[in-house]
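Biologist: I'm new to this one, so let me ask how each label was earned. Could you put the structure up?

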Amino acid sequence: MMFPWKQLILLSFIGCLGGELLLQGPVFIKEPSNSIFPVGSEDKKITLHCEARGNPSPHYRLNIVYIKATIFRWPITSLKNSELEFKWQLNGSDIDMSMEHRYKLNGGNLVVINPNRNWDTGTYQCFATNSLGTIVSREAKLQFAYLENFKTKMRSTVSVREGQGVVLLCGPPPHSGELSYAWIFNEYPSFVEEDSRRFVSQETGHLYISKVEPSDVGNYTCVVTSMVTNARVLGSPTPLVLRSDGVMGEYEPKIEVQFPETLPAAKGSTVKLECFALGNPIPQINWRRSDGLPFSSKIKLRKFSGVLEIPNFQQEDAGSYECIAENSRGKNVARGRLTYYAKPHWVQLIKDVEIAVEDSLYWECRASGKPKPSYRWLKNGAALVLEERTQIENGALTISNLSVTDSGMFQCIAENKHGLVYSSAELKVVASAPDFSKNPMKKLVQVQVGSLVSLDCKPRASPRALSSWKKGDVSVQEHERISLLNDGGLKIANVTKADAGTYTCMAENQFGKANGTTHLVVTEPTRITLAPSNMDVSVGESVILPCQVQHDPLLDIIFTWYFNGALADFKKDGSHFEKVGGSSSGDLMIRNIQLKHSGKYVCMVQTGVDSVSSAADLIVRGSPGPPENVKVDEITDTTAQLSWKEVPEVIDGKTHTATVVELNPWVEYEFRVVASNKIGGGEPSLPSEKVRTEEAVPEVPPSEVNGGGGSRSELVITWDPVPEELQNGEGFGYVVAFRPLGVTTWIQTVVTSPDTPRYVFRNESIVPYSPYEVKVGVYNNKGEGPFSPVTTVFSAEEEPTVAPSQVSANSLSSSEIEVSWNTIPWKLSNGHLLGYEVRYWNGGGKEESSSKMKVAGNETSARLRGLKSNLAYYTAVRAYNSAGAGPFSATVNVTTKKTPPSQPPGNVVWNATDTKVLLNWEQVKAMENESEVTGYKVFYRTSSQNNVQVLNTNKTSAELVLPIKEDYIIEVKATTDGGDGTSSEQIRIPRITSMDARGSTSAISNVHPMSSYMPIVLFLIVYVLW
């Protein structure tokens, strides 16, 4: 007997020859879609797309292999794969691709050359094939869009009465593709404008005029446009004239444009219902649902209610609709039903299946649609042949007792009268001998005495292999501790040392057999001999948590420590944590213990077979650490509710919240919590997130409310702005209230800027320097706050109105003038006199660019300095206060004196005893432009002091009574009306150690710069008296 599987590609054998093949049946990447080709297009070809992927059909050669004296034949893949094969059908018949002048394949795409509507119109399908099977694409319709010309015959004249309704027929020419319609009135480009009286149906193309008016008389031409090709054709004009036998009377509406009684509408489409009526008066169009339900918001009325548009049509939009045409003579109703339909769409697709021979296949595909879809199946692009083994029920495919010939590409098609959908998948029926290469058995299984162990045996095999077991060379039989599992595995309960050994699983099916081996090792259980115990320690101590075990010597052992449920980090906390002990010990040393080390410690001991653990609690006593996770749970205008973890004992050991009071409203805060216990206080927590208290009515008015000053007719009020932390909310501002002293009614105004420190009230009726009561309040978005205490502020003063009198000027020197005047008379409205302003300018300057000098208070003179010599100066004086300055006095003038002589006193000679110094110098002669010498000044001081004394004389000599006990520095200057002249050179008179001494300026010029006037010969004469 010849089994079907003997004709199969034995995958396991092929894998041995050339590696496993990643074969895949064709899968569409791109399928053809409906197309409309414009007739007369410049593009002379159209492409229908088809693209698929898959491991394609290989080249084959015949190979013969002998197994069990039976000859098997199967194709062996070559090193080079060919591409997928494609073919196309038109209307169910194969397209002859040899007609190269008509068709061309570009990959899988079909190119139709010079498309012709008589030959190429129809339904196309693409077939993709490789060695694993064939799939067929969805159907794609190719249509040709065209629009022929109207017949040229003239149209008859339409004659109607005024007030009568009329329909002008369009009658579009032969065409294919969607059209749009418009009408020309008389001549292009005068198109008929649609309104409540005129309507162009996009279904029929006709023009409807509900009530003809004299202005409608003329020629009407129907314009038809292809929505695909944009081609436009015009019909013959239709003349419209008025009859002469009178005017049409009023009549009830007659609906001429209406939708069908039943209109199927596709899911997601846009539905347009037309309705228009003739009548006199012009009918009004309204719409409603027959079931009384309201229209959804998406429904639109267009063209003066002549079109009802329903976008994205759904099942709830189905039902009966009514169009009501109504005028004063009556009404008419048109009704129609919209029925919902949906093309099939997939709910459950089929997927690739790999299944063993002789098994059964159950493949289900499900689709929804309206009406309910029916199903059919294809295999390799052809209708699936049903037989006893192959059945289809409600779209589900069942094939029993599978054979390799059942392999191939399958497609489930769901269809109703509105469309169809395809789902493709590959069925691989596999036949192979047992093979452990992909799922090998474990080489070593370790278990402990008394445990339960399962040994797996799951080779890849089709059909599934039958398994038997051996321990060593002895077959394993089932008994109370040993069970053979349905999946081929072996289960041993309550394992003993005697169960250790090598176990072999022998798997076999009709295609062959294979063995797998595993070694079972049975060990003694691991026990903790010295476990960690609970401990109570203080901060800074060091402790050891023991963890010692007894274990099977065949097993490697691993110690792991957990702290508060997390793996202990010996790297991160290496300064505190350290493992100590030998091979059977995993003791944990904790050095310099801190509060953070308090918690639960677990020692986990693991081997390849089992694991044990032991836990201990470590309590660390010391000042508490910082509380964690400080949060603000609730915030008001003056309080904040806080919560945290690790609670401060100073409050309460079980308290996790606290309320902070006496906060300022509308201020941003952050909080920290400090824990403390009997040992002391800990570190503060990390700050909470920043929060802002709620707003409240402001409670603090501005301080330092004062004012005064300003210009005439002003009341200036000042204050210190309230700081932001006391404003208590947004929208903060000030309420400024004031009233004349003795008046009961307050005048109020609002200052909206919180940073503003003043307010100026201007009014011509304000009496200068009159008292006002003033107070400043506060407000914000929450309301008004308190006012400041009432204070008295004076309005702006009146500037002085009179000028100072008796103004005079006196030249003091070549650079100084003294100006004097009498005080001005004062009155109450002038307020406080701040002082006087002196303006001055020289004869060569202009009054506008004059200099100014101010003197304070009641001063009645001013000294002007830094002036030019021998020059006339003009000056005037005026008084001023906070309101401004008064008028200037009459101008007076004075000439500064000449400059003092530039020549210093020369040839100064001195003669000193122990009690006095005699000085002589040459007379200074003034030049013509210098002031005459009126005398001399002798300046003298000791060399150790800076306090200079002055002697005045009108001679060229002087006698100074000085005790010569230390050195003296002496200078001489000429004096004039223009000031002091140039100083002589300094004379240093040394301390007298003898009875008498003499000298001159030349005697000390060896230590002073030489005179710039003449060369000097140096002499020094010293008389010593014994």
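Modeller: Start with Leu378: its bridge partner in β36 is Ala383. Keep in mind that this is a predicted model, where local features need pLDDT of at least 70, side-chain atom pairs count only at pLDDT 80 or more, and totals for chains, interfaces and linings use all residues. Residues are numbered from 1 along each chain as its sequence is written, and side-chain values use heavy atoms, with hydrogens and water left out.

Biologist: What makes β35 and β36 a pair?

Modeller: Pairing takes at least two bridges found by DSSP. β35 and β36 (residues 382-383) have two, in the antiparallel sense, so they pass. Two residues sit between the strands of this hairpin, and Asn380 has a positive phi near 55°.

Biologist: How do you know that β35 pairs with β39?

Modeller: By that rule again: β35 (residues 374-379) and β39 (residues 408-416) share six antiparallel bridges. Tyr375, for instance, stands opposite Ala414 in β39.

Biologist: How many helices and strands does the protein have?

Modeller: Two helices and 92 strands. Both are DSSP runs numbered from the N terminus: H or I over at least four residues for a helix, E over at least two for a strand.

Biologist: Why is the protein called more spread out than a compact globule?

Modeller: Its radius of gyration, taken over C-alpha atoms, is 60 Å, while the globule rule (2.2 Å times the number of residues to the power 0.38) gives 31 Å for 1026 residues; 60 Å is well over that, so the description fits.
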